[in-house]
Amino acid sequence: MDPLTHSAILLIHCPDQGGIIAGVTDFISRNGGNIIDLDEHVDPQKKVFFMRVEWDLSNFQIDVRDIGRMFAEQLAGHYQMQWQLHFSSEVPRMAIFVSKLPHCLYDLLSRCRQSEWQAEIPLIVSNHPDLETVAKQFDIDFHILPVDKNSRKQQEQKQLALLQEHNIDLVVLARYMQVLSDDFIQHYQNRIINIHHSFLPAFPGARPYHSAHERGVKIIGATSHYVTAELDAGPIIEQDVTHVSHKDSVEDLIRKGRDLEKIVL
């Protein structure tokens, strides 16, 4: 797709029933829209229909300010849809939470700087000072908020205030080694993404790669998922694996694992 194309993206889920695809595509086509991407899926167990459709707005006859209202009036109510409308011209503002490991942070910052992603990163939050120099290299605000069991609630309030001050749309936990409270998650529900290696729960603790190496693990992986109140149990966004062998040292496993985390995130 031409990066200059101004498009609308509609995300839908609703009870499965006949006529949804026809109704949505008719709404777009009769108003002059040209569909450039469409994906749909039905969960047969839950009988829920999911759809993502994107269309070119170059000749669309409805003003962008009225699309949501007219879609709701003409279709969404009839099909009991839960829906979101976005535009390709929107640039999301992303905050990154980190602890001490820099590999995911560097990768995120580099991809944004090289315009691989259409996003802004105005804020980095950490519970340690180790990565402040990285933030300075990229001229991004860096805030150190140490967290322990006695200060968690107070520090999370400061974090939320920073997110609001910087108009943050989503949060990425780039190897942030703290568990977020239910209250924090509710403020950014479905807008917090985490990345972690595949060794949990089999190899918990501070040295999972060492434990995996001792057991002779031959596959290591990484998972990116939405953060929910249940630890590491949110909907999975992406996963991947890489093979290792008896020839690989612990250091090799760590290197391969961190590379995989960057790619999956």
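Buried means under 20% relative accessible area, exposed means over 50%, and partly exposed is in between (1.4 Å probe, protein chains only). Keep that handy for the tour.

This is a predicted model, in which local features need pLDDT of at least 70 and side-chain atom pairs count only at pLDDT 80 or more, while totals for chains, interfaces and linings use all residues. Residues are numbered from 1 along each chain as its sequence is written, and side-chain values use heavy atoms, with hydrogens and water left out.

**Stop 1: helix 8**

Select Arg255, which is partly exposed at 43% relative accessibility. Now add Asp252: the two form a salt bridge (a side-chain nitrogen of Lys or Arg within 4 Å of a carboxyl oxygen of Asp or Glu), with the closest N and O atoms 3.5 Å apart. Both sit in helix 8, three residues apart, so about one helical turn separates them. Helices (H or I, at least four residues) and strands (E, at least two) are DSSP runs, numbered from the N terminus.

**Stop 2: pairs between strands**

Pick Arg93 and Glu120 next; their side chains meet in a salt bridge at 2.7 Å, N to O. Arg93 belongs to strand 5 and Glu120 to strand 6, so this pair ties together parts 27 residues apart in sequence. Then go to Arg52 and Asp37, another salt bridge, at 3.1 Å, N to O. Here strand 3 (residues 48-56) is tied to strand 2 (residues 34-43). Add Glu54 to the selection, and you have a network of Asp37, Arg52 and Glu54, joined by salt bridges that share partners. The count of salt bridges comes to 13.

**Stop 3: the largest nonpolar core**

A nonpolar core is a set of buried Ala, Val, Leu, Ile, Met, Phe, Trp, Tyr and Cys residues joined through side-chain atoms within 4.5 Å. The largest one has 25 residues, and those with the most contacts inside it include Ile96, Leu109 and Ile124. Helix 3 gives the most to this core, with five residues. Centre on Leu109: among its contacts (heavy atoms within 4.5 Å), leaving aside neighbours within four places in sequence, are Ile121, Val134 and Phe138.

**Stop 4: Ser126**

Is Ser126 buried or exposed? At 0% relative accessibility, Ser126 counts as buried. You'll find Ser126 in strand 6 (residues 120-126). Show His128 too, since the side chain of Ser126 reaches the backbone oxygen of His128 at 2.8 Å. Beyond neighbours within four places in sequence, the contacts of Ser126 include Val98, Ser99 and Phe142.

Technical notes:
Polar contact = N/O pair within 3.5 Å; in protein donor to acceptor, adjacent residues only side chain to side chain.
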